[in-house]
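Here is a colleague's note, set out in numbered points, to be read with the sequence and the structure side by side. Please keep both open and find each residue as it is named.

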Amino acid sequence: MQLSQTIAPHLPLLRRFARALAGSQSAGDAYVAATLQVLAEDPSLFEASLDPRVALYRTFVSMWNSVGLNLKTEVFDRGDTPVDRQLEQITPLARQAFVLSSVEGFSVDETAEILNTTPSNVQALLDDAGREIAAQVATEVLIIEDEPMIAMDLEAIVEGLGHQVAGLARTHAEAVDAAKSKTPGLVLADIQLADGSSGLDAVNEILGSFEVPVIFITAYPDRLLTGERPEPAFLITKPYQPDTVKAIVSQALFFEQHAKRKS
């Protein structure tokens with residue numbers, strides 16, 4: 001199969017990635033076109049041993065990072081949306097790692113291949129991005145969790161990212177009361193709560209009063225992934241890894257709207 005046929009299915013996604021880095025579609029497309037020109041002139045730059053999409057992004061990033069101006073945040077075109085403007089504030093390599101992981105859906109290992117670095121360095125970049133995002137969208141987080149040790153661990157993770165904990169709730173009633181007393185900007189919720197009540201029901205009641213991004217952290221994902229109701233955008237399965245929680249918290253706050261009261 002010719003190289004052009006190999007990479008063609010992945011070009012729309014590469015354009016999305018390029019736009020996130022450049023700040024505008026026109027600027028991103030210029031870099032995509034330059035990457036295709038480079039590959040046409042020297043196909044050996046395409047790492048055929050890698051997954052084709054990973055190899056294409058690796059070639060693009062290599063060219064992007066070889067241009068000195070791209071290492072300076074102030075040269076990026078102003079984006080068209082609040083997310084674009086937030087992306088501009090994240091330092092370049094951390095921006096790349098964050099978008100590759102959060103938007104493009106690459107694993108840490110794949111992101112490491114694309115950035116020509118190690119998985120541990122990618123994780124450090126993602127942590128940097130998380131802290132920078134928190135500085136932009138720092139908020140108060142409501143934790144709905146009936147296991148004290150897990151609640152304490154989540155509290156430490158949230159505060160380590162620069163957020164504040166608005167409350168710790170162990171039951172449906174406590175969760176609703178906590179949300180009424182102090183409107184959170186993010187909710188972390190278990191499903192099975194201390195008194196046998198449902199964290200899902202608590203979240204639905206809270207969402208009846210205001211819009212807020214919610215991350216479900218549960219040992220029972222099958223109760224949410226039923227295909228019968230709108231399924232959550234953010235779901236973490238127990239036992240979880242702290243790095244996973246950090247990444248999802250950053251994604252939820254970066255891409256979702258802040259809490260907003262319903263009229």
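**Notes on the model**

1. A good place to begin is S250, which touches F98, G130 and I133 when residues up to four places away in sequence are not counted. The structure is a predicted model, and in it S250 sits in helix α12, which covers residues 242-255. S250 has a relative accessibility of 5%, and because buried means under 20% relative accessible area, S250 counts as buried.

2. For the chain as a whole, the model has twelve helices and seven strands. The chain has 263 residues, of which 46% count as buried. Among the contacts in the chain with a separation of 6 or more, 67% are accounted for by residues 24 or more positions apart.

3. One example of residues far apart in sequence can be followed from S101, which has its place in helix α6. S101 and A247 are 146 residues apart in sequence, yet from C-alpha to C-alpha they are 8.8 Å apart in space. If the neighbours within four places in sequence are left aside, S101 is in contact with F106, T111 and L126.

4. Helix α6 also deserves a look together with helix α7. Helix α6 (residues 92-103) packs with helix α7 (residues 108-115) at an angle of about 135 degrees, and their axes are 10 Å apart. An angle that is neither under 35, nor over 145, nor from 65 to 115 degrees counts as oblique, and α6 and α7 are therefore oblique to each other. The crossing in which α6 passes α7 is right-handed. On the α6 side the residues that meet the other helix are Q96, A97, L100 and S101, while on the α7 side they are T111, I114 and L115.

5. The aromatic residues come next. How many aromatic pairs does the count come to? Rings pair if their centres lie within 6.5 Å, and by this rule the count is five aromatic pairs. One of them joins F17 and Y57, a tilted pair with 5.3 Å from centre to centre and 35 degrees between the planes. F17 lies in helix α2 (residues 11-22) and Y57 in helix α4 (residues 52-66), so this pair ties together parts that are 40 residues apart in sequence. F17 is buried, with a relative accessible area of 0%, and Y57, at 0% relative accessibility, counts as buried.

6. F17 also pairs with F60, and this pair is edge-to-face, with 5.8 Å from centre to centre and 65 degrees between the planes. Because F17 lies in helix α2 and F60 in helix α4, the pair ties together parts that are 43 residues apart in sequence. Both F17 and F60 are buried. One aromatic cluster is formed by F17, Y31, Y57, F60, W64 and F106.

7. Finally, the nonpolar cores should be considered. The largest nonpolar core has 53 residues, and those with the most contacts inside it are F17, F60, L186, L188, I215 and V249. Helix α4 gives the most to this core, with seven residues. Apart from this core lies another, of 20 residues, among them I144, V187, V203 and V212. As for I215, its contacts, not counting residues up to four places away in sequence, are with L186, V187, L188, A189, F234, I236, I248, V249 and A252.

Methods: Residues numbered from 1 in each chain as written. Predicted model: local features only at pLDDT ≥ 70, side-chain atom pairs only at ≥ 80, totals over all residues. Heavy atoms only, no water. Phe/Tyr/Trp six-rings, centres within 6.5 Å; stacked < 30°, edge-to-face > 60°. Helix = DSSP H or I, 4+ residues; strand = E, 2+ residues; numbered from the N terminus. Buried < 20%, exposed > 50% of the residue type's maximum accessible area, 1.4 Å probe, protein only. Core = buried A, V, L, I, M, F, W, Y, C linked by side-chain atoms within 4.5 Å. Contact = heavy atoms within 4.5 Å. Axes fitted to C-alpha atoms, helices over the stretch in contact; angles between N-to-C directions. Left-handed = near helix turned anticlockwise from the far one by under 90°.
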